Amino acid sequence: MRLWKAVALLNLALGIGLLVGYLWWGREATRLRRETTVTIQAGAAGLEEREWTARGVVRSVIPEINVLVLTHEDIPGFMPSMTMGFRAANPQLYAGLQVGDVIRFTLKGVPPNVTIVAITKEGKT
C-alpha cells in the first residue's frame, strides 16, 4: 500500500471518530441540561418550610448549645429512625426533661436546618 493511501485512510478514520465523538457529546450535553433543569425544579420545591411530628426518647440535654439528643422513630418524608441531636427553638422547650423521658416532638424548618418547636412529655422508659 502506498504511503498516501495509508495517510488518507488514517485521516478518514480520524475524521469519522471526531464526528461520532462530537455527535455523542451533543447528546450528552442535551441530557445533562435536561437533568439539571429537573434537579433545579425539584430543589426549588424542597426549599419550602415543612413540619414533622415524631416520638423519641431523650438521651441527653445540652443546654450550653441548646441541643437535645434524641433516639427517634422514623420521621416519614424526612429521615429514618436514629439517635441524633436537634437544636431547640427555645430553651423553655426542654425545661424539666430528663434522660429517659419519652416525648412527642415537632420539627420545623427547611432540611437539613430544622429545629424542635414543640415537645410533649409522654412518660419515662
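Which residue of strand 4 does Arg 55 stand opposite? In this predicted model, the partner is Arg 104, which faces Arg 55 from strand 4. The two arginines are a useful place to start, and the strands that carry them come next.

Strand 1, which covers residues 50-62, pairs with strand 4, made up of residues 101-110, and the two run in the antiparallel sense over eight bridges. Strand 1 also has strand 2 as a partner, for six bridges join it to residues 67-72 in an antiparallel arrangement. Within this second pairing, Val 57 stands opposite Thr 71 of strand 2. Strands 1 and 2 form a hairpin in which four residues lie between them, and Asn 66, a residue of the turn, has a positive phi of about 60°.

From the strand pairing we can turn to the charged side chains, among which the structure holds six salt bridges. One of them joins Glu 122 to Arg 55, with N and O 3.0 Å apart. This contact links distant parts of the chain, since Glu 122 belongs to strand 5 (residues 113-124) and Arg 55 to strand 1, with 67 residues separating them. Glu 122 is partly exposed, at a relative accessible area of 40%, and Arg 55 likewise counts as partly exposed, at 35%.

Glu 122 also meets the other arginine of the opening question, Arg 104, in a salt bridge with an N to O distance of 3.1 Å. Because Glu 122 lies in strand 5 and Arg 104 in strand 4, this pair ties together parts that are 18 residues apart in sequence. Arg 104 is partly exposed, with a relative accessible area of 32%. The arginines that stand opposite each other in strands 1 and 4 are thus found with Glu 122 as a salt-bridge partner, through one contact to Arg 55 and another to Arg 104.

A further salt bridge connects Asp 101 with Lys 121, whose closest N and O atoms are 3.3 Å apart. Here too the pair links distant parts of the chain, with Asp 101 in strand 4, Lys 121 in strand 5, and their positions 20 residues apart in the numbering. Is Asp 101 buried or exposed? Asp 101 counts as buried because its relative accessibility is 1%, which falls under the 20% cut-off. Lys 121, by contrast, counts as partly exposed at 48%, a value that lies between the limits of 20% and 50%.

Elsewhere in the sequence, Glu 28, Arg 31 and Glu 35 are linked in a network of salt bridges.

Note on methods
Residues are numbered from 1 along each chain as its sequence is written. This is a predicted model: local features need pLDDT of at least 70, side-chain atom pairs count only at pLDDT 80 or more; totals for chains, interfaces and linings use all residues. Side-chain values use heavy atoms; hydrogens and water are left out. Two strands pair if DSSP finds at least two bridges between them. A salt bridge is a side-chain nitrogen of Lys or Arg within 4 Å of a carboxyl oxygen of Asp or Glu. Buried means under 20% relative accessible area, exposed over 50%, partly exposed in between (1.4 Å probe, protein chains only).
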